[in-house]
Amino acid sequence: MAKSKTQSNVLPMSEVFHPGIETYKQVYNESLEKPDAFWEKQAQVLDWFQKWDKVLDESEAPFYKWFPNGKINASYNALDRHVNRNRRNKAAFIWISENDEEKIVTYDGLYLRVNNFAKSLKDLGIKKGDRIIIYLPMILEAPVAMLAAARIGAVFSFVFAGFGAGALAERMNDSKAKLVITADGFQRGGKMVKLKDIVDEALVQVSSVESVVVVRRGRNDIQMQEGRDIWWHDIVSRKQIYVEPEWMDANDPLYILYTSGTTGKPKGAVHGNGGYSVWVANTMKWAFNPQEDDRWWCAADIGWVTGHSYIVFAPLFLGLTSIMYEGAITYPGPDRMWELIERYRVNLLYTSPTAIRTLMRYGEKYPEMHDLSSLRVLGTVGEPINPAAWKWYYDIIGKSNSPIIDTYWQTETGGFMIAPPLGLGLPPLKPGSGTFPMPGVDPVILDENGIEVAPGEKGFIAYKRPWPGMFMTLNNDPERFKRTYFEKFNGMYYCGDYAIKDNDGYFWLLGRADEVLNISGHRLGTIEIEDALIASHEVAEAAVFGRPDKVKGEVIVAFIVVKDQYEQDGEIVGKLRKKIRADLGPIYVPEEIHVVKGLPKTRSGKIMRRVVKAVALNEVPGDISTLENSASVEEIKDAIEGFRREASN
Ligand code: PRX
């Protein structure tokens, strides 16, 4: 078989990737020693309408202002400048659905769609600064809606299409959204998800929303409410329309993305227009070294930060071609991902450790059915990658020719913080380590008292200085922003993770140091699940925690106390599962729900989740001297033992 052009480009790693980190070290040092000059230069990766007054204004720290008074527009940078230069006919997205429908949209095609939808938004009365919710599956209308909002200066908040009505309503209310963009429904793993029904249910609890724009996707039956609901295709034309991009201040918000914390409701991380855009474009170049003709596949969902930054903004800013896949990676078969890589000759693949572990379980036979030789770089994100999965990805998928770019970052950080800097020179990789910080990132590992720990010791990772991609605040809650992230370590950004810096200066990210869960790379709050359980009238008390799992990283376990009158209800667990699915979404449904008579509590009545978890996982529960009801510990043990016995039968 003749080798295709893409295939013949694949060279042994040493020839492609400038091994050695001299350039990286030089760039990194420059970024810390002369940050103003450094960022002045890096900001040129984008087009600005007006230059900033200074690079960084720290006068109101931790509310840092990058590039203040600089004027920019993300939609202009994603589209107009490529269309105006020489990428008009280049594919921006190659979109494929679960059932193999395919759409290729060029930069010019995307520009046309975005301008048209921007006009529709304006016609619906949406202005600069208004908030809109996007609740869409992985269809092209999702990036179109995001970019159209960005074009007119509306602030969008994307809600992952796997969230339930309660979670959606909460985000609508917190963001005070005027408009919602959704679809009738979509297929996932062969099943229909009725998105519009969920929106209708959520809207019962919301007063700010005036209009709902509905994309026809699932063709399932839906209710359209007169005066509120409008079909996308009825308001969007395909004419050559031009909507002037708003000149956004670098520190005007671009989007709000909700993420889970340790307490209370999800937090709305607010990202700005300027610093964020500079950050995602540069970090993508530094970590992945994408080339003009590459095909990039970020297999995350657009509703999470990975999709925002590395399906939509960074690749479009850099003028790349992305694969966008609507569907499950195991549907219709376990070789789906490999089949698509072969068919579209994907060069750069970016996915999660859970996806790798899931596909690994099916064995080598599936990747071996396909020609994966187009692959040149393999990325991961969202959770620690265990060395076995790393090696499988490297050996079986990359044929030992593609570096693994393990990118560590968060919703709040906007883009990569620690990742092998392939674009600046590849350091020798250590399976499971994200290697080194991106330029401008200055991490330290601290103990509980804020003292730096010795190399090789585990501690909390914190950052000594701000970086352009960092979130600007929490929506409606600047105090919580300060308190949650900047108080623990005296003004440094504390992100809630444990890490180790080894003797060679490599960073090893070990996962959450708090009670936030990481299920298949999805960040969920224990408190949200506990709140949903307690909100159901049958449940008196609940404690939720994560149990380590070989594939998903963690799975959710709940212990509940049922109110006396419902004790005999044999259906209770099934009912609660259903309720959580509807309210929060399927990813929140606990794998195990155990009903007990009491939960361990302190004398002041606080449930000791830490103790529940330790006992259930057969670990040492630590200090339980303040425990009020020690009998509950035995009960937890019994419940778990009974469950394990049943599971093994
Ligand atoms: O615990 C870290 C883990 O995911 C958390 C951030 O979740 P989220 O804001 O939803 O963003 C996920 C996508 C960027 C972090 O606090 N995490 C993310 N990437 C890694 C990771 N843990 C270890 N290694 C990673 N590469």
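1. A good place to start is the ligand: one of its nitrogen atoms sits 2.7 Å from a polar backbone atom of T407. That is a polar contact, meaning a pair of N or O atoms within 3.5 Å; within protein, one must be able to donate a hydrogen and the other to accept it, and residues adjacent in sequence count only if both atoms are side-chain atoms. Oxygen atoms of the ligand are also reached by side chains: a polar atom of Q410 at 2.9 Å, and a polar atom of R523 at 2.7 Å. On its own the ligand has 540 Å² of accessible area, and the protein covers 96% of that (Shrake-Rupley method, 1.4 Å probe; for residues, only the protein chains shown count as cover).

2. Please keep in mind that this is a predicted model, where local features need pLDDT of at least 70, side-chain atom pairs count only at pLDDT 80 or more, and totals for chains, interfaces and linings use all residues. Residues are numbered from 1 along each chain as its sequence is written, and side-chain values use heavy atoms, with hydrogens and water left out.

3. Which residues come nearest to the ligand? They are D406, T407, T411, D497 and R523, out of 17 around it (near means that a heavy atom of the residue lies within 4 Å). The elements giving two or more residues to this shell are α12 (305-317), β20 (404-407) and β25. Helices (H or I, at least four residues) and strands (E, at least two) are DSSP runs, numbered from the N terminus.

4. Now to the sheet: β21, β22, β24 and β25 follow one another in that order in an open, antiparallel sheet of 4 strands. Strands β21 (443-446) and β25 (507-512) are at the edges with a single partner strand each, so one side of each has no neighbour in the sheet. From one strand to the next, the twist averages 45 degrees.

5. Looking at the pairs (two strands pair if DSSP finds at least two bridges between them), β21 and β22 are joined by 4 bridges, with I445 partnered by I461 in β22. Between β22 (residues 458-463) and β24 (residues 493-501) there are 5 bridges. Here K458 faces I500, and A462 stands opposite Y494.

6. Is β22 enclosed or open? Of its 6 residues, 5 are buried, so the strand is largely enclosed by the rest of the structure. Buried means under 20% relative accessible area, exposed over 50%, and partly exposed in between (1.4 Å probe, protein chains only).

Notes: Axes fitted to C-alpha atoms, helices over the stretch in contact; angles between N-to-C directions.
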